[in-house]
Amino acid sequence: MKLLLINPNTSTAMTAGIAAAARLVAAPDTEVLPVQPTFGPRSIEGHFDEAIAAAGVAEQVRRAPPHDAVVIACFGDPGLDAAREATRAPVLGIAEAAFHVASFLATGFSVVTTMTRTCVIAEHLVHKYGFERRCRGVHGTDIPVLALEDGGADCLDAIEAAAREALARDRSGAIVLGCAGMAALCARLTERLGVPVIDGVSAAVKLAEGLTALGLRTSARGDYAAPLPKEYTGWAAPLRWSAQD
Ligand code: 2AL
């Protein structure tokens, strides 16, 4: 299968890191196609960044090569609903995928993310996806997203410390990593913490493969139907939908 892997930010290094994490768990017959928007923020650390990044995700889905599934690899799941209108292939956001996987493994989980200001974005998703009864807390580390690119020991230690505190304070049984840039740290954190640590990138890749193997596609009924044909103006003009789409 062909898996379109969208990094919604414009850090080429992060796109490569996410692709490596995806390929590590992908089945031998899964071809990972990594892409990133042609415009937008280098990292996504707030509502404004996310608004621009969502348009970048829409752009990449609109110009996507043939694919069987799509993964949106940013923990805010930017543009997820838009992408589900734009392709019938299953689309998974890494936050939604990680929440589902964590709830198979523990009655309660905690999220450990990057900047504290992004905690509310994850909390909004917890509510949107209906995981209020499973997510027991969202915790920031104030590590900037791009600092994760080096994946240094300092990051690992800080995330481990935040996760230990979260497990105790929230009485959680599992940790969800709240940034695609943390994927490379997942194995070492699992070893150190001794509880399930869920990286949304690998969770989404395996769920995408599962949905594809089951022959399941996004419903075209209701709000996930294709966008209505109409004129788009300005820079968005090429993204418009026509009657031929
Ligand atoms: C993210 C992420 O996964 N990618 C990015 O640029 N920002 N999420 C986050 N909470 O920092």
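**Notes on a predicted model, with a look at helix H5**

1. Of the protein's 245 residues, 53% count as buried. Keep in mind as you read that this is a predicted model.

2. On the overall build: the protein has eight helices and eight strands. Its radius of gyration is 17 Å, close to the 18 Å that the globule rule gives for 245 residues, so the protein is as compact as a globular protein of that length. If you'd like a box to picture, the C-alpha atoms fill one of roughly 55 × 35 × 35 Å along the principal axes.

3. Now for the contacts. Taking those in the protein with a separation of 6 or more, 69% come from residues 24 or more positions apart.

4. Next, the outside. The protein exposes about 11,100 Å², and 56% of that is supplied by carbon and sulfur atoms. As for charges, there are 22 positive and 27 negative ones, and their mean positions lie 5 Å apart.

5. Helix H5, which runs over residues 119–129, is a good place to zoom in. Which of its residues are buried? They are Cys119, Ile121, Ala122, Leu125, Val126 and Tyr129. These residues cover an arc of only 165° around the axis, which puts them on the same side of H5.

6. So what covers that buried set in H5? The cover includes three helices, H2 (47–62), H3 (80–86) and H4 (94–105), along with strand S6 (135–139).

7. One last detail to check on screen: Gly130 follows H5, and the phi of Gly130 is positive, near 80°.

Notes. Residues are numbered from 1 along each chain as its sequence is written. This is a predicted model: local features need pLDDT of at least 70, side-chain atom pairs count only at pLDDT 80 or more; totals for chains, interfaces and linings use all residues. Side-chain values use heavy atoms; hydrogens and water are left out. Buried means under 20% relative accessible area, exposed over 50%, partly exposed in between (1.4 Å probe, protein chains only). Helices (H or I, at least four residues) and strands (E, at least two) are DSSP runs, numbered from the N terminus. The arc is that of the directions from the helix axis to the C-beta atoms. Contact means heavy atoms within 4.5 Å. The radius of gyration is taken over C-alpha atoms; the globule rule is 2.2 Å times the number of residues to the power 0.38. Accessible areas come from the Shrake-Rupley method with a 1.4 Å probe; for residues, only the protein chains shown count as cover. Lys and Arg count as positive and Asp and Glu as negative; His and the chain ends are not counted. The place of a charge is taken as NZ of Lys, CZ of Arg, CG of Asp or CD of Glu.
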